Amino acid sequence: MNSGACNPFSRRHFLSSNAYGIGSVALAWLLKQEGLLASSERLKTQHFDLLAKPAHKPPQARAMISMFMQGGPSHIDLFDPKPELTKHDGKSYTGEIKQDDAAGASLEMMGSPWKFKKHGQSGMEMSELVPHMGSIADDITLIRSMHTGVNNHGQSIYALMNGRIVGGRPTLGSWVTYGLGSENQDLPAYVALTDPRGVPVLGVDNWSNGWLPSLYQGTVIRPREPRILNLDAPMSLRGEAQDRYLGFLGQLNQEHLARRPGEFDLEARIQSFELAARMQTAAKEALDISKESEGTRKLYGIDDPATQEFGTRCLIARRLVERGVRFVSLFTGNQTWDHHASIGTGLPAACKYVDKPAAALVIDLKDRGLLDSTVVHWGGEMGRLPVIQNRAGGKNDRSKVGRDHNTYGFSMWVAGGGFKGGYVHGATDEFGHHAVENVVNHYDYHATLLHLFGLDPKKLSYKRNGTDQVLVENAEARVVTELLA
């Protein structure tokens, strides 16, 4: 016989007696005193939805369309003319330079081979590669002093998308829809329009909800028809039969959810199924551009094979925000703007693809009275360096050369939603490498956008593991009031 079976001081007896005795009572009392014991108030089930919610203060913007040029458009060839760089073309760069690709690096400076001209009443200078963007100069704010300071695509994309240089966090679009919901319950609140040539670097991380409930993840709309798969019900289920089926299914889902409080992924999945049913009519209508006028289609370049694809997505973006969608992201293909080599042919082609449709989006929103309440963004995660990369030919052969990454000073533009028109902000040094005047960091950009949406960066928070998580974490972040109308 095991002598411990009847021993009043055995380990089993000690654990058993203390688990239900005064020890457990004392532990509970101590936890309560320290405020660590879950109260009935804390145990209340949270609920998340996409119903429209009030902002913290009166907003100027109600929606946003972001045209993200993944790869890094060369600011010194498009938006930031550098006469000194042209003057010293071919000479050796003597300042401090941050290069990403040491193997192809050089210190030979290269002035822009493209001419710049002034546009609009503001006299904003832009390259001959983006004449249509030049035509909307008086409607945009051109920021020439963007900075993330993390010299590779992934980290800089993360910085601009989710506020930090690491993944697994909610993107700007997720935060905005979490804070404000949607004005249309029959369409997704947050939409990602991808390029048929491929998804950008980091893929779904560009529209991820991170650790926010999955309800706030961006909904991908395919770049080709059918843009949403399985949108039509089978013939046998259409009409009243489908209504009865969905009604019964909804009842079962709610009963299932009621037995599992706090299961946010389950709740989000149920809501996404319900949204899919409502989208059968609303999404078809929103994505159908066939009823747009011929003039509108020409404005976006849909009559031209070179601009048809991006023009169609820009027009769809306008139709979505017009119908109450909160946030729309348009992406160009993987590394489309990453011109380490052959920039002489690659950059003009990339510009041709987007220039006319991007300008058309601003013009169309303005004509419809939507620009004042819709932020429009155009830009990538970085710019390019003022020196040559990958010289493959002889000293006089520049046919294959490119430019390396530059996240220390680059350009992008914004319009509408409370931003100034016809305004140039900040500056890079005389060669275009470092932002040196009125620098706008990624966290300043986010703070400014939230301000325009009427959202307080400190109040827009989500409790995770007992800590309030926010989009804007840097204590030095500021609303860049100089950009605001």
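Where is the place of Q335? Let's work through that one and a few others.

This is a predicted model, in which local features need pLDDT of at least 70 and side-chain atom pairs count only at pLDDT 80 or more, while totals for chains, interfaces and linings use all residues. Residues are numbered from 1 along each chain as its sequence is written, and side-chain values use heavy atoms, with hydrogens and water left out.

**Exercise 1. Backbone oddities**

Place Q335, N438 and P226 in the fold, and say what their backbones do.

Solution.
- Start with the elements: helices (H or I, at least four residues) and strands (E, at least two) are DSSP runs, numbered from the N terminus.
- Q335 sits in the loop between β7 (327-331) and α12 (343-367). Phi of Q335 is positive, near 60 degrees, and the residue is not a glycine.
- Next, accessibility: buried means under 20% relative accessible area, exposed over 50%, and partly exposed in between (1.4 Å probe, protein chains only). With a relative accessible area of 27%, Q335 is therefore partly exposed.
- N438 lies in the loop between β14 (435-437) and β15 (440-441). N438 isn't a glycine either, yet its phi is positive at about 50 degrees. Its relative accessible area is 38%, so N438 is partly exposed.
- P226 belongs to the loop between β6 (219-221) and α8 (240-258). The peptide bond joining E225 and P226 is cis, with omega about -10 degrees.

**Exercise 2. An arginine in a helix**

Is R313 buried or exposed, and what is it in contact with?

Solution.
- R313 is part of helix α11 (residues 308-322).
- Its relative accessibility is 0%, so R313 counts as buried.
- Look for a polar contact (a pair of N or O atoms within 3.5 Å; within protein, one must be able to donate a hydrogen and the other to accept it, and residues adjacent in sequence count only if both atoms are side-chain atoms). The side chains of R313 and E309 make one at 2.6 Å.
- Now list contacts, meaning heavy atoms within 4.5 Å. Leaving aside neighbours within four places in sequence, R313 is in contact with L193, T194, D195, P196, R227, L330, F331 and Y353.

**Exercise 3. The nonpolar cores**

Which residues touch the most other members of the largest nonpolar core?

Solution.
- A nonpolar core is a set of buried Ala, Val, Leu, Ile, Met, Phe, Trp, Tyr and Cys residues joined through side-chain atoms within 4.5 Å.
- The largest one has 61 residues, and M67, W378 and W413 touch the most other members.
- Helix α12 supplies the largest share of this core, twelve residues.
- There's a second, separate core of 48 residues, which includes Y190, F453, Y462 and L471.
- Back to W413: beyond neighbours within four places in sequence, its contacts include M67, F79, M133 and W378.

**Exercise 4. Aromatic pairs**

How many aromatic pairs does a search of the whole structure find? Describe two of them.

Solution.
- Rings of Phe, Tyr and Trp (its six-membered ring) pair if their centres lie within 6.5 Å; planes under 30 degrees apart count as stacked, over 60 as edge-to-face and the rest as tilted. The search finds 15 pairs.
- For F68 and F331, the ring centres are 6.4 Å apart and the planes at 65 degrees, so the pair is edge-to-face. This pair links distant parts of the chain, with F68 in strand β1 (residues 63-68) and F331 in strand β7, 263 residues apart. F68 and F331 are both buried.
- For Y178 and Y462, the centres are 5.9 Å apart and the planes at 80 degrees, so this pair is edge-to-face. Here the link runs between helix α7 (residues 172-180), home of Y178, and strand β16 (residues 461-464), home of Y462, 284 residues apart. Both Y178 and Y462 are buried.
- Y178 and Y462 also belong to one aromatic cluster with F48, W175, W211 and Y216.

**Exercise 5. A glycine in a loop**

Which residues is G380 in contact with, leaving aside its neighbours within four places in sequence?

Solution.
- G380 is in the loop between β8 (374-379) and β9 (383-384).
- Its relative accessibility is 2%, so G380 counts as buried.
- The contacts are F68, M69, P73, L160 and F410.
- Take L160: its C-alpha atom is separated by 8.9 Å from that of G380, and the two residues are 220 residues apart along the chain.
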